[in-house]
Amino acid sequence: MSGEVGSEAGIVIIGAGQGGFQAAASLREAGFTGPLTLIGDEPGLPYQRPPLSKAYMKGEAGPEQIELRPAAFYADHAITLVEGRAVAIEREARRVRMADGSVHPYAHLILATGARNRPLPVPGKDLAGVYYLRTRADADALKERLPGGRRVVVIGAGFIGLEFAAVARALGHEVVVLEAASRPMARALSPDMSAFFAAEHRNWGVDLRCGAGVVGLVGEAGHVTGVEATDGIVYPADFVLVGIGVTPNVELAAEAGLEVANGIVVDAHLATADPAISALGDAVAYPSVHAGMMARLESVQNAVDQARSIAARLTGKVGPAGEALAYVAVPWFWSDQADLKLQMVGIAGPTDLAVLRGDPASRRFSVFRFHERRLTAIESVNRPADHMLGRRLLAGTPRLTPEEAADEGFDLKSLLTK
């Protein structure tokens with residue numbers, strides 16, 4: 001069953017981030033001609049989030065440069081933009097109720113509710129000078145602060161924390177990064193790649209402290225002045241950036257009676273148990289053929305590809321036997337830190353074998369990950385060819401062996417012709 005929505009019916013999308021925008025754009029590209037409403041709770045046009053911690057923060061891209069499309073696009077494609085907060089999904093009546101009391105009827109609803117920053121659960125967390133980075137408003141507040149204070153403490157050595165640390169250090173700030181785990185980006189990277197980035201940040205002058213959790217924030221006159229860590233040290237701070245992960249926005253779905261388990265639960269076609277509701281992006285737990293389990297991924301690629309998959313299903317695209325097409329896109333991610341471009345493809349488990357290809361000293365190398373001799377993921381630094389090839393390998397049945405991956409003389413491209 002395709003789940004196709006007729007052109008006379010309306011589709012409402014809650015969430016105007018990259019996934020929500022892509023769902024609307026893809027529906028029009030696929031030929032959907034019915035009413036199409038995109039609801040977002042941030043002011044202005046939908047925009048890209050990844051540049052906020054990099055190009056936007058450095059002033060290399062302004063508000064218009066990060067907008068996904070200009071205003072004319074929405075008018076030309078008959079996409080109704082609604083600014084406001086959805087507070088309830090009335091499933092029996094098939095309508096969305098807004099905070100201002102207005103309602104939006106739907107024939108099909110797409111949830112692209114995304115995620116929000118996980119708050120720091122320690123005393124002093126509400127002091128002035130403590131920032132998060134998720135929205136354009138967050139980025140604007142941080143940009144205003146950057147020319148001032150010279151001592152910056154970043155809490156969390158994930159992608160956002162390290163991207164911001166690289167920017168702040170390049171601008172001449174004294175930067176301390178506190179990470180409770182034993183290594184940076186531990187949830188996403190192999191130990192070898194983590195060690196490389198730790199060394200690079202320290203070479204740039206970042207004081208990276210791993211194994212240092214946060215006990216509390218201290219301040220004077222209501223403004224943060226330092227961060228007390230589990231190592232017993234109080235690190236002076238003119239301002240603090242907190243980057244300790246995100247929480248999926250599942251409350252709206254849960255209150256509507258939809259299943260939630262580390263995300264809004266969907267099937268292989270990104271449909272909830274309610275045939276009139278689909279979901280995508282950071283807020284969604286889906287059966288991943290690459291992870292071999294239910295997974296919730298926080299990436300632009302995942303949100304965009306899931307949006308395209310839902311649009312295809314709702315406009316009647318099916319497989320050769322008339323079956324609905326499952327979501328099987330290969331997940332990939334990236335992070336720009338100073339002059340280093342980190343690219344990742346696939347999903348590796350914590351115990352997967354790590355095979356080095358290339359010399360880290362050259363600042364151009366990859367780490368290939370294997371589970372029981374099967375390729376599961378590739379992490380690359382300044383080596384885009386390995387990343388692109390990995391995306392093609394993992395989309396099929398990868399035949400690469402650990403020995404071939406370690407051999408620089410082995411032509412990886414030869415695997416694509418077999």
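**View 1. Arg383 is buried, at a relative accessible area of 12%.** Here, buried means under 20% relative accessible area, exposed means over 50%, and partly exposed lies in between, with a 1.4 Å probe and protein chains only. This is a predicted model, in which local features need pLDDT of at least 70 and side-chain atom pairs count only at pLDDT 80 or more, while totals for chains, interfaces and linings use all residues. Residues are numbered from 1 along each chain as its sequence is written, and side-chain values use heavy atoms, leaving out hydrogens and water. Arg383 forms a salt bridge with Asp386, whose closest N and O atoms are 2.8 Å apart; a salt bridge puts a side-chain nitrogen of Lys or Arg within 4 Å of a carboxyl oxygen of Asp or Glu. Asp386 is buried too, at 7% relative accessible area. Arg383 also forms a salt bridge with Glu408, with 2.7 Å between the closest N and O atoms. That pair links distant parts of the chain, 25 residues apart: Arg383 belongs to the loop between E26 and H10, and Glu408 to the segment after helix H11 (402-406). Through shared partners, salt bridges join Arg357, Arg383, Asp386 and Glu408 into one network. Glu408 is partly exposed, with a relative accessible area of 44%. Helices (H or I, at least four residues) and strands (E, at least two) are DSSP runs, numbered from the N terminus.

**View 2. Arg97 and Glu90 form another salt bridge, with 2.7 Å between the closest N and O atoms.** Are these two partners buried or partly exposed? Arg97 counts as partly exposed because its relative accessibility is 26%, and Glu90 is partly exposed at 22%. If you would like to look for others, a search of the whole structure finds 22 salt bridges.

**View 3. Strand E26 is largely enclosed by the rest of the structure, since 7 of its 8 residues are buried.** E26 pairs in the antiparallel sense with E25 over 7 bridges, and with E23, also in the antiparallel sense, over 5 bridges; strands count as paired if DSSP finds at least two bridges between them. Ser366 has Ser380 in E26 as its bridge partner, and Met344 stands opposite Glu379 in E26. The hairpin of E25 and E26 has 2 residues between the strands, and there Glu372 takes a positive phi near 50 degrees. Follow E25 to its other hairpin: E24 (residues 353-359) and E25 pair in the antiparallel sense over 7 bridges, with Gly358 opposite Phe365 in E25. In this hairpin 4 residues lie between the strands, and Arg363 in the turn has a positive phi of about 65 degrees.

**View 4. Leu342, in strand E23, is buried, with a relative accessible area of 0%.** Beyond its neighbours within four places in sequence, Leu342 is in contact with residues including Met193, Phe197, Phe333, Trp334 and Ser380, where contact means heavy atoms within 4.5 Å. Leu342 and Ser190 are 152 residues apart in sequence, and their C-alpha atoms lie 12 Å apart in space. Now turn to His387, whose place is in helix H10 (residues 384-394). With 1% relative accessibility, His387 counts as buried. Setting aside sequence neighbours within four places, His387 is in contact with Trp332, Phe333, Gln343, Met344, Val345 and Ser380.

**View 5. Helix H7 (residues 191-203) has 13 residues and reaches 18 Å from first to last C-alpha, close to the 18 Å expected at 1.5 Å a residue.** The expected span of a helix is 1.5 Å times one less than its number of residues. Which residues of H7 are buried? They are Met193, Ser194, Phe196, Phe197, Ala198, Glu200 and His201. Their cover includes helix H6 (159-170) and strands E12 (207-210), E22 (332-337), E23 (340-346), E25 (364-371) and E26 (374-381). Just after H7, Gly205 takes a positive phi of about 100 degrees.

**View 6. Helix H9 (residues 300-314) is mostly covered, with 12 of its 15 residues buried.** The end C-alpha atoms of H9 are 21 Å apart, which agrees with the expected 21 Å for 15 residues. Its buried residues, among them Gln301, Val304, Ile310 and Arg313, pack against strands E1 (11-14), E7 (108-111), E19 (277-279), E20 (284-288) and E22, as well as helix H1 (18-29). Just after H9, Gly316 takes a positive phi of about 90 degrees.
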